[in-house]
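Here are some exercises to work through at your own pace. Have a look at the structure first, then try each task before reading its solution.

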Protein chains: 2
Amino acid sequence: MKIAIAQLNYHIGNFEGNTARMLRAVEETKKHGADIVVFGELATTGYPPRDFLEFRDFIRKANDSLEQLKAASQGIGIIVGSPTINPRIEGKDLFNSVYFFHNGETLHVQHKTLLPTYDIFDEYRYFEPATEHKVVDFMGKKIALTVCEDLWNVGNENPMYTVCPMDLQMVHQPDLMINVSASPFDYKHTQERLDVLKANVDRYKIPLFYSNNVGAQTEVIFDGGSVVFSPDGKVFDEMVYFEEAIGYYELDEVMRGGRQQEQPKDKIRLIHDAILLGLRDYFGKMGLKKAILGLSGGIDSAVTAVMATRALGKENVRVVMMPSEFSSQHSVDDAVALAENLGIQYDIIPIKKPYDAFNDILKGPMEGKPFDVTEENIQARSRAIILMAISNKHGHILLNTTNKSEMAVGYGTLYGDLAGGLSVLADVYKTEVYELTAYINKDEQVIPQNSITKPPSAELRPNQMDSDSLPEYDILDPILRLYIEHRLGPREIIAKGYDEALVRRILRLVNINEFKRHQTAPVIRVSPKAFGVGRRVPIVGKYLS
Amino acid sequence: MKIAIAQLNYHIGNFEGNTARMLRAVEETKKHGADIVVFGELATTGYPPRDFLEFRDFIRKANDSLEQLKAASQGIGIIVGSPTINPRIEGKDLFNSVYFFHNGETLHVQHKTLLPTYDIFDEYRYFEPATEHKVVDFMGKKIALTVCEDLWNVGNENPMYTVCPMDLQMVHQPDLMINVSASPFDYKHTQERLDVLKANVDRYKIPLFYSNNVGAQTEVIFDGGSVVFSPDGKVFDEMVYFEEAIGYYELDEVMRGGRQQEQPKDKIRLIHDAILLGLRDYFGKMGLKKAILGLSGGIDSAVTAVMATRALGKENVRVVMMPSEFSSQHSVDDAVALAENLGIQYDIIPIKKPYDAFNDILKGPMEGKPFDVTEENIQARSRAIILMAISNKHGHILLNTTNKSEMAVGYGTLYGDLAGGLSVLADVYKTEVYELTAYINKDEQVIPQNSITKPPSAELRPNQMDSDSLPEYDILDPILRLYIEHRLGPREIIAKGYDEALVRRILRLVNINEFKRHQTAPVIRVSPKAFGVGRRVPIVGKYLS
């Protein structure tokens, strides 16, 4: 039996596009003599469809796609994820299901049992868990079908569920497991996922064919890396990350084991490639081409410009340098050098005129009060107006260049440098931005050395340095990581040897700045805990604040 | 047995404040001779605590609060909601529980069974459902304790759950039901809630004491309206909406029935009072006092200014008129008349100077292209800079004045008139804003007649009218309501007699403008489906777009 894993990039709600993409893969895999082709989780609708699932019209369209796939299953088994309407009035209205079509018939529908409802996941918002577990007979083999999380109650130290659906399938003595997934990327998840899948194979001693979605859905990146395990618990093949691909596997060969191919898992390289996919799919799926951003001469906007250029092409990236009276000539020079290295269009537009105009008309309400964050914000916001004006006139999308350290402590101006349609680096701590810079510059000096070595500054008042307001990033970032990623409280962080007053100040800054993060762009997610959909905290709260 | 329902306003994460508030109520209810005092759901932490629940430090603080309440239970039964750590490693880490303390002992802990995970609710993100259901013996009575949603699987046409926890408690033959709730307001929910509670009393034929939280938690308003039902299925007493209160009830009298007090439920009055509470608590719980907003002379900003003045006091509200070359003198006059009616501080700051300055420095990148939305946005964004500057200098919070109709179709400028810390009217359709205006003006003409009768206009280009870009609001709003609140697809809406092209255009506008709503302020929620936490749709999607 030859099994094809079709690792495809689905687009949420684009039924026509998703169906056409799968039908093409059906034809191609038939040509290659495949007996089965395996698509992804909720492949008809794209994942995560979120509240679109609450529209019956949306489910009807998904069912139309299923009918087309069923009709195309002459001579090939098609395994595909799609929602199913729950026929009972009790319980949630839908199941998250995997369908098995063959010769125009539905051989089996298996609903998902474990419904991830944590971090970026909201599945129990929509779906009822399965209570029936069957296997499907095909070409003399019994196949256990599961959906993504169904395999995730094995090999965990702190299991989130009280049932284990594969245990329930094992009573039917399946010969192999096939799983359709929408398992998202983060720089730790690629390895964790392999560990969990291996724990399943070690437990059940049968081969596993695991088909994962690929592609970015706004902030969440699905990385592919579909994988086949031999029954001995070894990886037979791990497919490419961040790209569509089709893998073909003879069951007999997989049973014998032997071949072992894994993808490289260097953290910074994964982050780099994930961000490129995040950018490409945001623009591609929105039908957009062109990006704009402000280039300050600092490292964050430099890295953002490089990533945009690599993702979208130099002809589609435009940058603007907007010096104020507090900007150094060095900063403009560094920005120009980068733009010229990248071959992208740039403008230099000093902000003095609108800044003076605002100061002039605001004389009354300012009542002669001294320069403070107000004037800093007027500068940052004047820059946003300039960027948005060019963007509006020419159809660019403004990219936000904030990093995760700044985003965490609220070091940024709402409607100013926090503006933008997509945040490229806001899940990358400042110390990681430097690592990403080194990775970018590994073959040639794309980003000028001066942008890397000079101390970070917002240049919004005379001689300003980030370190005036914030601790050094190599102290700040580990504390932020313990709080945000590891969810430790102040006592536990202080117990690790950090200064108590500093820890309390930083945690307070994170919490009181939730109102800013509420109003910022979606953030390309690369870490196990990103700002945005996966981190939901109250705005009006008093915890640690 | 005398039962006190303490309908209190909790503050998320403010353990000290919440505990002190409950301890005061314990003392007061003891003085009144109460045998039991009933607080609310997750009263120690405030509801919804969201991802703060993932911090062990947060749970430890909740447990400290419980210890204080337990110690205070000498001579009185205290019923209070708080999270419990799940002792098993399988399943979610917490339960959502109700505790019964008496004489320094824990008489019972009942976990919640039905975990709402829809609209604004995310409970299965954090909590494991109960599997054990017991009653508690107190003063010779058996009491069935439940938490909020546990009563919501009775009397529904489309039940979301497959179990009914009160059925499981009934095997122990309880004499009365006590429920602690965090049931949120919307203008339909006050009645729906009574209907569901009545269905429980009709089914179980025992009295019900239902204690609801009150107070706003950023966007979500808890309206109180705690209620006592006699076993005959009639309301014995419904407590006040939108205010803290303590009600005292003799069980014998409730058993006999007779007294029937319900609160008025006029839609617009409820919306009005809910918004006032939303404003008061946003400012009060954040430790803020002063609001600022732009006053255009139109109806939305006029209503927002009135609501802010009623909620915060005229000394705490400041408005700014910012005419452009396209503003009519009438608009400024109407805005001034309103500010003088309200007795609030105002400034008139024309935006010509910064607008000209931007046009000047942008000449190059604009390449002589004609006036379009770019220039409109520069005006709207210049106003936001002015408002934010005064706000930054003097410590105001900018109130957003957008209505739900505009928010739905994206008729507004990001970082311009969509800016603000809190959206006051963005869950109120334009046609409802007029109803709210009539309610505000019912005793005296607070809002000038001219603001009400003139056709809506953004005044961003010569002779602009909302109706140039949008259908009339009395056509637009019903279509939006069918799509947003009733989740009907285009076919169903068109089948109701609306023009097909218009319906498709409006639904497309709603969907393609999700990126704007993603970046706007929290919206005070008054309808069954508000933008924000209760409505989660993809930004990069292609459904109906």
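**Exercise 1.** How many bridges join strand β3 (residues 77–85) of chain B to β4(B), and do they run parallel or antiparallel?

*Solution.* Some ground rules to begin with: this is a predicted model, where local features need pLDDT of at least 70 and side-chain atom pairs count only at pLDDT 80 or more, while totals for chains, interfaces and linings use all residues. Residues are numbered from 1 along each chain as its sequence is written, chains are lettered from A and ligands numbered from 1 in the order in which they are written, and side-chain values use heavy atoms, with hydrogens and water left out.

Step 1: strands (E, at least two residues) and helices (H or I, at least four) are DSSP runs, numbered from the N terminus. Two strands pair if DSSP finds at least two bridges between them.

Step 2: count. Nine bridges join β3(B) to β4(B), and the two run antiparallel. As an example to look up, Ile78(B) sits opposite Phe101(B).

Step 3: try the other neighbour. Six bridges tie β4(B) to β5 (residues 105–111) of chain B, again antiparallel, and here Ser97(B) faces His111(B). β4(B) and β5(B) make a hairpin with two residues between them, and Asn103(B) in that turn has a positive phi of about 50°.

**Exercise 2.** Work out which faces of β4(B) are covered.

*Solution.* Step 1: buried means under 20% relative accessible area, exposed over 50%, and partly exposed in between (1.4 Å probe, protein chains only).

Step 2: in a regular strand the side chains alternate between the two faces of the sheet.

Step 3: sort the residues by side. Leu94(B), Asn96(B), Val98(B), Phe100(B) and His102(B) are on one side, Phe95(B), Ser97(B), Tyr99(B) and Phe101(B) are on the other, and all are buried. That makes nine buried residues out of nine in β4(B).

**Exercise 3.** Find some unusual backbone spots.

*Solution.* Step 1: most residues other than glycine have a negative phi, and most peptide bonds are trans.

Step 2: look for cis bonds. One joins Tyr47(A) and Pro48(A), with omega about -5°, and Pro48(A) lies in the loop between β2 (36–38) and α2 of chain A. In chain B, the bond from Tyr47(B) to Pro48(B) is cis too, with omega near 0°.

Step 3: look for positive phi. Cys148(B) has about 35° without being a glycine; you'll find Cys148(B) in the loop between β7 (141–147) and α3 (165–170) of chain B, and Cys148(B) is buried, at 4% relative accessible area. Leu544(B) has a phi near 60° and belongs to the segment after α19 (514–517) of chain B.

**Exercise 4.** Describe how chain A and chain B meet.

*Solution.* Step 1: contact means heavy atoms within 4.5 Å. Each side brings residues to it: 105 from chain A and 105 from chain B.

Step 2: buried area is the accessible area (1.4 Å probe) that two parts lose on being put together, summed over both. For these chains that is about 9200 Å², 60% of it on carbon and sulfur atoms. In chain A, Lys393(A), Val540(A) and Tyr543(A) lose the most area to chain B, together 9% of what that side buries.

Step 3: a salt bridge is a side-chain nitrogen of Lys or Arg within 4 Å of a carboxyl oxygen of Asp or Glu. The rule finds twelve across this interface, and Lys393(A) with Asp372(B) form a salt bridge at 3.0 Å, N to O.
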